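Could you pull this one up before we talk? My notes on the fold and the ligand site are below.

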Amino acid sequence: MADGSWYDADIDHVIISEEQIREKIAELAKQVSADHTDAEGGILLVCVLKGAVMFMADFARALAAHGPSTEMEFMAVSSYGQGTTSSGVVRILKDLDRDITGRHVVVVEDIVDSGLTLSWLMKYLRSRSAASVEVVALFRKPDAVKVQVPVKYVGFDIPNEFVVGYGLDFAERYRELPYVGVLKPEVYARS
Ligand code: 5GP
């Protein structure tokens, strides 16, 4: 927890460092690019707000080093549920702004936990006649998976703990952390 930023005081331990994230994103971009060299119309990146916002920004820039060209779309969904668990009942808060018929879609996800949100999202996007739909998820918790979703590109498998940072929040805080870590128990106690 390196540099003594204000948020370091709330972090119990770091799980994935800023440097590990940067290196992994470069690898993921290379793989996704290699698999989409012939993708007509380029790749349509669909970012799932808000957690994937940091990943989307860095991943799109890493892809630019290789090609093909990308366009960006944003969706916001809310999974009914309280606190730190998701229920699988999904409501669209912000839908796609355009028709994705015939497009090569890559869903940019922050984390696959139970897999319930992603499973719903994949069905939704496939029903909109995309040419292909793949998922790139920066994090996955293998021990928490309730529904198997085919996630072709995964950054890191992490322990089944609630994590914050690099886009992931607790009560809308900590998204700006450059790394991913676990909060100290007293942070939950005081909120
Ligand atoms: P799932 O439906 O796979 O259980 O999780 C869906 C969403 O819950 C993720 O996209 C993410 O936004 C949120 N989520 C899952 N696990 C965590 C976690 O450990 N920390 C935070 N901050 N959000 C999480």
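Here are my points, starting with the sheet and ending at the ligand.

1. Ground rules first: this is a predicted model, where local features need pLDDT of at least 70, side-chain atom pairs count only at pLDDT 80 or more, and totals for chains, interfaces and linings use all residues. Numbering starts from 1 along each chain as its sequence is written.

2. The core to look at is an open, mixed sheet of six strands, ordered β4-β3-β2-β5-β6-β7. Strands here are DSSP E runs of at least two residues, helices are H or I runs of at least four, and both are numbered from the N terminus; two strands pair if DSSP finds at least two bridges between them. β4 (90-94) and β7 (153-157) each have a single partner strand, so one side of each lacks a neighbour in the sheet.

3. Within the sheet, β2 (residues 43-49) runs parallel to β3 (residues 70-79), joined over seven bridges. L45 sits opposite M72 of β3.

4. Now the helices. α2 (residues 53-64) lies across β2, β3, β5 (104-112) and β6 (132-140), at about 160 degrees to β2. Axes are fitted to C-alpha atoms, for helices over the stretch in contact, with angles from 0 to 180 degrees between N-to-C directions; contact means C-beta atoms, placed from the backbone, within 7 Å.

5. Finally, the ligand: 19 residues surround it, with G51, D113, S114, T117 and L168 coming nearest (near means a C-beta atom, placed from the backbone, within 6 Å). β5 and α3 are the elements giving two or more residues to this shell, and β5 has the largest share, four residues.

Technical notes
Contact = placed C-beta atoms within 7 Å.
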